[in-house]
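Let's take a friendly walk through this model together. Please keep the sequence and the 3D view side by side as you read.

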Amino acid sequence: MASSFHFLLFCSLLFSTIISPSVAKTPSFRPKALLLPVTKDASTRQYLTQINQRTPLVPVKLTIDLGGEFLWVDCEKGYVSSTYKPARCRSAQCNLARSKSCGECLEGPKPGCNNNTCGLFPYNPFIRTSTVGELAQDIISIQSTNGFNPGKAVSVPNALFTCGSPLLLEGLASGVTGIAGLGRKKIGLPLQFAAAFSFKRKFAICLSSTTGSKGVVFFGDGPYHMLPNMDVSTNLIYTPLILNPVSTAGAFFEGEPSAEYFIGVKSININGKAVKFNTSLLSIAKDGTGGTKISTVQPYTSLETSIYKAVVGAFGEALSKVPRVKAVAPFDLCFNSTSLGSTRVGPGVPQINFVLQNNEVWRIFGANSMVFVNDDVACLGFVDGGPLHFVDWGVKFTPTAIVIGGHQIEDNLLQFDLAASRLGFSSSLLFRQTTCSNFNFTSIP
């Protein structure tokens, strides 16, 4: 078993709950898609949502982790539900979750602590900590959508999730009691919802760039309409999703692949000129290091140190005539914003292009490349991710060469087609004169 440090440290903690795919509670109505509103927390820059879970239903505030393996919530503080069911060892639910752990709990029975139950490893990526948690199932209620507005709420009676420890709430936004994992696992929320309602194994995220307005996650196929009546799922550019054969979670069972979403970046261009660096870092090595992934945990795109230095150098050279100002952490390259000018897609700066494995191009314009730290200063919103191999408290991590972070995907629609293993992306919706905050959350009468 990999990451034995985490396993040994936390194996005595209580277990969590499980969700199994199931049909809708009201089979007469089978939605074609579901939605979750998403807000950005100003202090942590985490992307937050809320689901209703348990019997009676309780609103549960969650941080979204695009590459998280599954839903986990804290079951130790006030988890009360008449429909909570632990997943027993060697059950179909355990097999679906691919759990290889079977445990006992001396303090139960109660949610998160039952005998003869299988366990998984709930993970908080913000503090890089895992515990052992009981797999369980309970009701989840979520809104349906026709792609234009929210529809009626529907229920998944036996949704699988894992119980986390209060220890894992450290570093999460105020009021958050768990993490909504959207990763490519069978018990991740996208595949659970698709199985529950028999819709296409697709989901899309569209994150707002402001803390005062809501973005959205769609589960299922489009249309995805933004005001003024525009289907932003049209004209997407597609590139393959790549499976990293080595798990990137904090703790995992040996042989598990990563649940995160990797894409193939071949090169980086700035102002049409190729940035020179060791492009072998862009391939995923046998130990799982390298490559490019998309993350909602990372607030800004991080680049392996040598790539970062090359990109910052090339970007600075392209803006050599613009006055620079003192760096503002965590950024190294900052400018007098009044000298940059303004365009429909943000500050007038060189375009950064990620050239993908199928020669398609992910274009990053000023709105997504620059960060206004105050009214007069704008900085290149990329950070140094460090070397690919490092050790923290005796635990070796397997970092990724490029982690495309939240700021770079705001006001971009990203559709993850899990059946076809491909990513559809829009580039900036500002070009189409709309944003991710323009979904009409007014319910249909």
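Five residues, Lys-200, Lys-202, Asp-221, Asp-417 and Arg-422, are linked in a network of salt bridges. As you look at them, keep in mind that this is a predicted model. The chemistry behind such contacts is familiar: side chains of opposite charge can pair when their charged atoms come close.

A good place to begin is the contact between Lys-200 and Asp-221, whose side chains meet in a salt bridge with an N to O distance of 3.6 Å. Lys-200 sits in the loop between H3 and strand E13 (202–206), while Asp-221 belongs to the loop between strand E14 (215–220) and strand E15 (225–226), so this pair ties together parts that are 21 residues apart in sequence.

Asp-221 also meets the side chain of Lys-202 in a salt bridge, here at 3.3 Å, N to O. Since Asp-221 lies in the loop between E14 and E15 and Lys-202 in strand E13, the pair ties together parts that are 19 residues apart in sequence. How accessible are these two partners? Asp-221 is partly exposed, with a relative accessible area of 25%, whereas Lys-202 is buried, with a value of 13%.

Now step back to the whole model, which holds eight salt bridges. One of them joins the side chains of Glu-69 and Lys-185, at 3.8 Å from N to O. Glu-69 is found in the loop between strand E3 (58–65) and strand E4 (72–74), and Lys-185 in the loop between strand E12 (178–181) and helix H3 (189–197), so here the pair ties together parts that are 116 residues apart in sequence. Are these two residues buried or exposed? Both Glu-69 and Lys-185 are buried.

Let's finish with a sheet. Four strands form an open sheet in the order E23-E24-E30-E29, and their pairing is antiparallel. The edges are taken by strand E23 (324–325) and strand E29 (370–372); each has a single partner strand, so one side of each is left without a neighbour in the sheet. To see how an edge strand is held, follow E29 to strand E30 (residues 377–380): the two pair in the antiparallel sense over three bridges. For a residue to look for in this pairing, try Val-371, whose bridge partner in E30 is Cys-379.

Terms used: Residues are numbered from 1 along each chain as its sequence is written. This is a predicted model: local features need pLDDT of at least 70, side-chain atom pairs count only at pLDDT 80 or more; totals for chains, interfaces and linings use all residues. Side-chain values use heavy atoms; hydrogens and water are left out. A salt bridge is a side-chain nitrogen of Lys or Arg within 4 Å of a carboxyl oxygen of Asp or Glu. Buried means under 20% relative accessible area, exposed over 50%, partly exposed in between (1.4 Å probe, protein chains only). Two strands pair if DSSP finds at least two bridges between them.
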